[in-house]
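Please open the model in your viewer, and keep the selection tool at hand for the stops that follow.

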Amino acid sequence: MASTREEIQADLEEQVSQLTKQVASLTKAMSKRGSAALADSRESASELYEGLYDRFTDALPAMRKQARVAQKTAQDNPMTTALVGVAIFGLLAALLSRR
């Protein structure tokens with residue numbers, strides 16, 4: 001019976017050793033995959049940022065022109081501008097009070 005117990009203990013130790021090696025191997029593989037995914041995410045984010053920056057830079061002159069037009073219109077029509085401002089403020093107040 002002693003030899004059977006020793007054999008069982010040896011088998012268990014061997015299984016634990018194999019499982020430890022497998023866990024280490026899986027951990028290493030997951031680390032590599034995680035690193036690759038992180039690199040891909042960084043690259044995608046960088047490309048997205050560059051695309052948005054380019055679009056914003058291209059649209060900036062038109063946005064400035066529209067802002068000047070809106071400013072001139074507001075200066076030429078102060079009463080209408082005030083009424084629109086009050087209407088927008090009222091709308092926002094109504095929306096916020098409903099929550």
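Which residues form a nonpolar patch on the surface? Select Val84, Ile88, Leu91, Leu92 and Leu95, which form this patch and have about 460 Å² of accessible area together. Patches are made of residues with over 30% relative accessible area and no salt bridge, where like charges are joined within 9 Å and nonpolar side chains (Val, Leu, Ile, Met, Phe, Trp, Tyr) within 5 Å. Accessible areas come from the Shrake-Rupley method with a 1.4 Å probe, and for residues only the protein chains shown count as cover.

Before going on, note that this is a predicted model, in which local features need pLDDT of at least 70 and side-chain atom pairs count only at pLDDT 80 or more, while totals for chains, interfaces and linings use all residues. Residues are numbered from 1 along each chain as its sequence is written, and side-chain values use heavy atoms, with hydrogens and water left out.

Stay with Leu95, which lies in helix H2 and is partly exposed, with a relative accessible area of 43%. Here buried means under 20% relative accessible area, exposed means over 50%, and partly exposed is in between (1.4 Å probe, protein chains only).

Now show the whole chain as a ribbon, where you will find two helices and zero strands; helices (H or I, at least four residues) and strands (E, at least two) are DSSP runs, numbered from the N terminus. The radius of gyration is 34 Å, well over the 13 Å that the globule rule gives for 99 residues, so the protein is more spread out than a compact globule. That radius is taken over C-alpha atoms, and the rule is 2.2 Å times the number of residues to the power 0.38. Along the principal axes, the C-alpha atoms fill a box of roughly 105 × 40 × 10 Å, and buried residues make up 0% of the 99 residues.

Next, select Asn77, in the loop between H1 and helix H2 (78-98), where Asn77 is partly exposed at a relative accessible area of 36%. If you add Ile8, 69 residues apart from Asn77 along the chain, their C-alpha atoms are separated by 94 Å.

Move to Asp76 and Lys72, whose side chains meet in a salt bridge (3.0 Å, N to O), a term for a side-chain nitrogen of Lys or Arg within 4 Å of a carboxyl oxygen of Asp or Glu. The two residues are separated by about one helical turn, because they are four residues apart in helix H1. A search of the whole structure finds one salt bridge.

Finally, select Asp40 in helix H1 (residues 2-76), and then add Glu43, Glu47, Glu50, Asp54 and Asp58, which together with Asp40 form a negative surface patch. Lys and Arg count as positive and Asp and Glu as negative, while His and the chain ends are not counted.

How values were computed: Charge placed at Lys NZ, Arg CZ, Asp CG, Glu CD.
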